[in-house]
Structures are given as structure tokens and as C-alpha cells.
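Student: Could you pick one part of this and take me through it slowly? I'd like a close look rather than a tour, with the surroundings filled in where they help.

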Amino acid sequence: MGDTNGLIILDRATQMLAEVRSVDDARDLIDLAEAARVYARQVNLGLEAQNHATEIKLRAQRRAGEILQSMEKAKGVQLNGTDSLGGYRLQPPSETPTYSDLGIDKRDAHIWQTLATMPGDEFEDKIVEIKQEGKELSTAALYREAKRAAASNKPESPNPPTGKYRVIYADPPWKYNDRLTDGYGPAEFHYPTMTIEELCALPVREMAEDNAVLFLWVTSPFLEDSFKIIRAWGFEYKASFVWDKVGHNYGHYNSVRHEFLLVCTRGSCTPDESTLFDSVQSIPKTDKHSQKPEEFRRIIETLYTEGEKLELFARGDFDGWDCWGNETGG
């Protein structure tokens, strides 16, 4: 094989770039561009040829990420009858293929979608910068830049409230260790996440009155860790609500269809009203990632009619509440 073969591969890859319409198209181009890069290195075509192939590969990876991000978000799973033990057999929704269906490694999917979050001008400028410096282009280098850009573009949280509150409602942005579950995007694509240590360090203890109540949302993987936060914030666990989401989601150990809303108190803070709501609330989830049903806010407002109310990590502004978070107006 001579230099001509390498140039033919590069020319074909360049033509394919404009034709990418699906994840399959992008993956085929990624493989072809990588083959061209390897060939250019093997036959000593030079750094310019290698970088040309890598540039095509990077653009295909970024395009694959854009396509993945544009796909309809998974809406749970379909139930396909029960097995002999009464458990559910799960299959993904037909309109929402999983990474396995698409033949994509979860790590690759994460890298591609991260590249897609990088502003286009920054993506182009970084490629030009690396080439002008005579360095070798790589997916790893652009991935690091994309992560850095994502971190710098995250909206800054407003300063924590300085008042005192009797009722505190919190839906923490949990930082999961397994960044991807097949068929679902990581939380980082939706909002900035926080570690347990970062959550514990928040000055919630100073925000709470001596007699206060905390309603804390937690998913099963963080149930044990949540008690570290409860204690760090100066509260004690008392009871819980269970949100039955009705629809099922993939989990590592079971079909997950619930979240917990833990009820915790500081001092003495029993409800103002004697209404006893069912501890299990069956409310279908919405399409918006991590959006909690407003029925739970109404339950809290019914039980606690007195005192100042604060929502931490709020997804908007609500009458009667001081709201703190990246998505609030203040």
C-alpha cells in the first residue's frame, strides 16, 4: 500500500462528514477516520496527515454526541409481562434505543456528548491551536477542553440565603459515581452536581431555626449517605414519603420506580395540621429530568402553615417560598 491509499481514505472520510445523519453514519466515519490515522502513522505520512484524520474523527464524534443529545429522552421502560417469581421483565421503549441497541460503548457515548457541549467556536479554535503548535490532535485533548469549558460555563449559584427558616425543602443534585446507565444521560448534562462532602458543607444548619423541619429528596443509591447530610445540617430523621413514579427505570439491582422524601426535624417541629397523608404517593413522572411533583410541595404547605419556608436547589420561584438554586430568579 502506498501514500495514495491513505489519501483516498482521507478524501472519502471528508466526503462522509457532510453526509452524517445518524449515529450509525457517525460511528462508521469515526472508524474510517481512525483507520486513516493509524495508516498515516504506520507509513510515515507525517503529523499533518495524522491530524487531518483525527480532525475528521473529532468532528464525527462531536456530531454523534449532538445526535445522541437530540434523541428523545428515555421515558422509563416498557413492562413485558412478569417472570415466574412475579418480577418485571424490562425492555427499553421502542422509540428510545439504548446505547447497546446502537452498538455504542457507554464511555464513548459520554465522551461524544461532552464534545457536543463545547461551544462550536471554542471547539474550532482549539483544533487550530493544537495544529499550529505542531502537536498531535487527540480525542483525549479535546475531551479535557470540553470538560473545562462545561465547568466554566456552568451558571454560578447565588449566595446562600441569610435568613432563618422553619421549613426547608431540598432536592440535592447528587453526583453519581457511575456516570451513565445504558440508555440514559448523566445528571451532569442537566445541572451541576455536588459530592456528599460539598452538600454536607452547605450552611443549612445556620439557615434553620432552632425548631425546624427538613424535607430531603434522596434516591436509593444515596439513602445511606443522606444521613451524613441530615446530621451535618443539624437534623434528625423522623419519617419518609415514597414517590411511586408509576413508570419504571433501569437500575443495577431492580426496576426502579420510586424516590424517598425524608422528613427530618431539629428541635420540636411536628406538623401544624393533623392531616395524615398517605406515605406512598403514586404520581407519574414528567419528561423533565429530576422534576419533582408539585403535589409534595402542597403536602408540605398543608402540614406546615406557619413560619418561613426555603427551597434549596429549586427549579424555579414559588409563591410563599424563598428559593435558592441555579434556576431561580435570585
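Tutor: Let's start with how the chain's contacts are spread: among those with a separation of 6 or more, 71% are between residues 24 or more positions apart. Keep in mind that this is a predicted model. The chain has 330 residues, 42% of them buried, and its secondary structure comes to 11 helices and 9 strands.

The part I'd zoom in on is β8, and for that we need the sheet around it. It is an open sheet of 7 strands with mixed pairing, and the order reads β7-β5-β6-β4-β3-β8-β9. At the edges sit β7 (280-282) and β9 (322-324), each pairing on one side only. On average, neighbouring strands are turned by 15° against each other, direction ignored.

Now β8 itself. In the order, β8 sits between β3 and β9. On the β3 side, residues 165-170 of β3 and 309-312 of β8 pair in the parallel sense over 4 bridges. Two of the facing pairs are Y169 opposite E311 and A170 opposite L312. On the other side, β8 and β9 also pair in the parallel sense, over 3 bridges, with L310 standing opposite D322.

Which residues of β8 are buried on each side? K309 and E311 on one side, and L310 and L312 on the other, so both faces are covered. That split fits the usual pattern, as side chains in a regular strand alternate between the two faces of the sheet.

What packs on this sheet? Helix α10 (223-232) touches β4 (208-218), β5 (236-249) and β6 (256-266), and its direction makes about 20° with that of β6. Helix α11 (294-303) touches β3, β4, β5, β6, β7 and β8, and its direction makes about 165° with that of β3.

The way into β8 deserves a look too. Between α11 and β8 there's a loop that holds E306. E306 and R166 are 140 residues apart along the chain, yet their C-alpha atoms are separated by 8.0 Å. Leaving out residues up to four places away in sequence, E306 touches R166, V167 and D272.

The way out of β8 has its own quirk. F313, in the loop between β8 and β9, has a positive phi of about 60° although it is not a glycine. For context, most residues other than glycine have a negative phi. Is F313 buried or exposed? It is buried, because its relative accessible area is 12%, below the 20% cut-off. N44 makes a handy contrast: it also has a positive phi of about 60° without being a glycine, and it too is in a loop, the one between α2 and α3. But N44 counts as exposed, because its relative accessibility is 68%, over the 50% cut-off.

E311 leads us to empty space. The structure holds 2 cavities of 30 Å³ or more, and about 110 Å³ of space lies in the largest. Of the 13 residues lining that largest cavity, Q291, K292, R297, E311 and R315 lie nearest its centre. So E311 is a buried β8 residue that also belongs to this lining.

Further along the sheet, β6 is mostly covered, with 8 of its 11 residues buried. β6 runs antiparallel to β4, joined by 7 bridges, and F260 in β6 is the bridge partner of V218. With β5, the pairing of β6 is antiparallel over 9 bridges; there, T265 in β6 is the partner of E236.

Last, the nonpolar cores. The largest has 30 residues, and those with the most contacts inside it are L68, I104, W112 and L142. Six helices, α2 (23-42), α3 (47-70), α4 (99-102), α5 (106-117), α6 (120-132) and α7 (139-153), each supply at least two of its residues, and the largest share, 6 residues, comes from α3. L68 touches V23, Y99, L102, I104, A109, W112 and Q113, not counting residues up to four places away in sequence. A second, separate core of 28 residues includes Y165, W174, F313 and W324. That brings us back to our strand, as F313 is in the loop between β8 and β9.

How values were computed: Residues numbered from 1 in each chain as written. Predicted model: local features only at pLDDT ≥ 70, side-chain atom pairs only at ≥ 80, totals over all residues. Heavy atoms only, no water. Pairing = 2+ DSSP bridges. Axes fitted to C-alpha atoms, helices over the stretch in contact; angles between N-to-C directions. Contact = heavy atoms within 4.5 Å. Core = buried A, V, L, I, M, F, W, Y, C linked by side-chain atoms within 4.5 Å. Buried < 20%, exposed > 50% of the residue type's maximum accessible area, 1.4 Å probe, protein only. 1 Å grid on protein atoms, 1.4 Å probe; cavity = no way out; pocket = protein on both sides within 12 Å on 5 of 7 lines; lining within 4 Å. Points joined across faces, edges and corners; volume = space filled by probe spheres on them.
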